[in-house]
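Reader: I'm new to this, and I'd like a close look at one part of this protein. Could you walk me through the hollow spaces and a residue beside them?

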Amino acid sequence: MCNNECDARTPELAHPPELMVDDEGRVPNTFWQSVSWRQFPEPLVVNLTLSWGKSIELTEDIVITFESGRPEQMVLEKSLDHGHTWQPYQFYAVDCLNSFGMESRRAQDLTAASVLDIICTEEYSRGYVWKLEKTVRFEIQVRFALFGGPQLSDMASLYSRLDTTKELRDFFTVTDLRLRLLRPATGPTSVDPLNLSKYFYAISNLDIRGRCKCHLHANNCILENGRLSCQCEHNTTGQDCGSCNNGFHGRPWTAGSYLPIPKGTANVSRVCDNVLTRCENGGVCEDNGRCLCHPPYTGLLCEKHQCKKGAGACVSQSPQDPSFTHLLLSLTALLITANDHGAL
Ligand SMILES: [Ca+2]
């Protein structure tokens with residue numbers, strides 16, 4: 001570890017926050033490092049904030065790899081409103097009762113009835129620089145498995161539950177995450193106040209995976225002008241496709257459904273139409289609900305021309321149910337900040 005050769009002013013010796021989200025595979029790992037403990041017994045508190053500027057649905061475990069010992073106390077927090085308000089997501093401590101007044105629990109012990117509980121776990125705090133124990137997790141997969149089966153073999157059941165339970169959807173949705181590092185690893189002995197420089201936090205990698213939340217009304221999520229946003233279809237608009245376009249309020253906005261997997265259903269016949277009295281290209285309105293199109297026209301309003309396969313280059317896509325697997329992202333946070341007043 002670089003107790004003596006760290007220097008934020010020299011690029012080769014600096015350890016800025018970006019090194020937590022760079023490409024891994026370099027030896028040795030690149031890592032962010034906090035300032036060292038300066039004033040004992042005042043705690044060494046560092047906040048790491050990750051912001052996407054958009055709603056994200058987490059799909060895999062969050063894995064944080066420490067190059068220092070794993071902290072003896074920390075809290076993972078989440079925000080659903082771009083950092084205006086924060087809620088704890090999970091507490092981590094060597095001693096949960098002592099640190100947070102909470103009984104120690106494991107994510108593996110949660111049940112379908114208690115899946116939304118915010119727990120304190122002692123799983124990831126013990127061991128000072130054990131080589132195999134560098135990671136701290138927030139367990140998404142074991143929570144999914146409560147509904148989708150041990151190997152997530154029944155994804156339909158999981159998504160059915162997500163479709164119908166807003167609290168469950170919200171639980172896995174974030175716009176920002178914040179890691180509040182409250183006490184560094186100090187090892188088996190008591191803190192040595194004369195040698196505080198050996199206590200600090202260092203993280204080499206943050207693995208966070210999820211998908212853009214587009215309410216199943218987009219096939220793509222793009223980064224534009226430093227901003228993630230859904231490319232909305234089905235006459236919807238907004239960063240998350242959460243409302244109807246102007247002039248398309250004939251039916252109320254409705255979120256799509258995750259089912260059937262893997263593509264989901266956009267519920268296009270029930271969302272954001274303009275009463276569908278204006279079918280184009282000779283299409284006929286049926287039950288005031290959808291346009292019956294004459295070939296070769298297709299689309300919600302028969303507005304698109306679809307050539308037959310092999311008839312040349314002209315293939316105009318009809319609106320399709322969104323395949324939300326296309327929205328999967330390896331979530332490099334768009335903004336990552338450490339507030340320890342100058343990372344080393
Ligand atoms: Ca790294």
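Author: Here is a walk through one residue, a pocket and the cavities, with a strand to finish. A quick heads-up: this is a predicted model, where local features need pLDDT of at least 70, side-chain atom pairs count only at pLDDT 80 or more, and totals for chains, interfaces and linings use all residues. Residues are numbered from 1 along each chain as its sequence is written, and side-chain values use heavy atoms, with hydrogens and water left out.

Let's start with K213. You'll find K213 in the loop between β10 (209-212) and β11 (218-224); helices (H or I, at least four residues) and strands (E, at least two) are DSSP runs, numbered from the N terminus. K213 counts as buried because its relative accessibility is 9% (buried means under 20% relative accessible area, exposed over 50%, partly exposed in between, with a 1.4 Å probe and protein chains only). Setting aside neighbours within four places in sequence, K213 has contacts with K54, S55, I56, E57, R169, T173, C230 and D240, contact meaning heavy atoms within 4.5 Å. K213 and T175 are 38 residues apart in sequence, and their C-alpha atoms are 9.9 Å apart in space.

Now for the hollows. On a 1 Å grid over the protein atoms alone, a cavity is a set of points where a 1.4 Å probe fits but cannot get out, while a pocket is an open set with protein on both sides within 12 Å along at least five of seven lines; lining residues have an atom within 4 Å of a point. Grid points are joined across faces, edges and corners, and a volume is the space filled by probe spheres set on the points.

The second largest pocket has a volume of about 210 Å³. It is lined by 13 residues, and K213 is among the closest to its centre, along with R169, H215, A255 and Y258. Helix α4 (residues 166-171) gives the largest share of that lining, 3 residues.

As for cavities, there are 3 of 30 Å³ or more, and the largest holds about 70 Å³ of space. Its lining includes E57, R169, T173 and Y258.

Last stop: strand β4 (residues 73-79) is largely enclosed by the rest of the structure, because 6 of its 7 residues are buried. β4 pairs with strand β5 (residues 87-93) in the antiparallel sense over 6 bridges; two strands pair if DSSP finds at least two bridges between them. Strand β8 (residues 173-183) also runs antiparallel to β4, joined by 7 bridges, and there V75 stands opposite R180.
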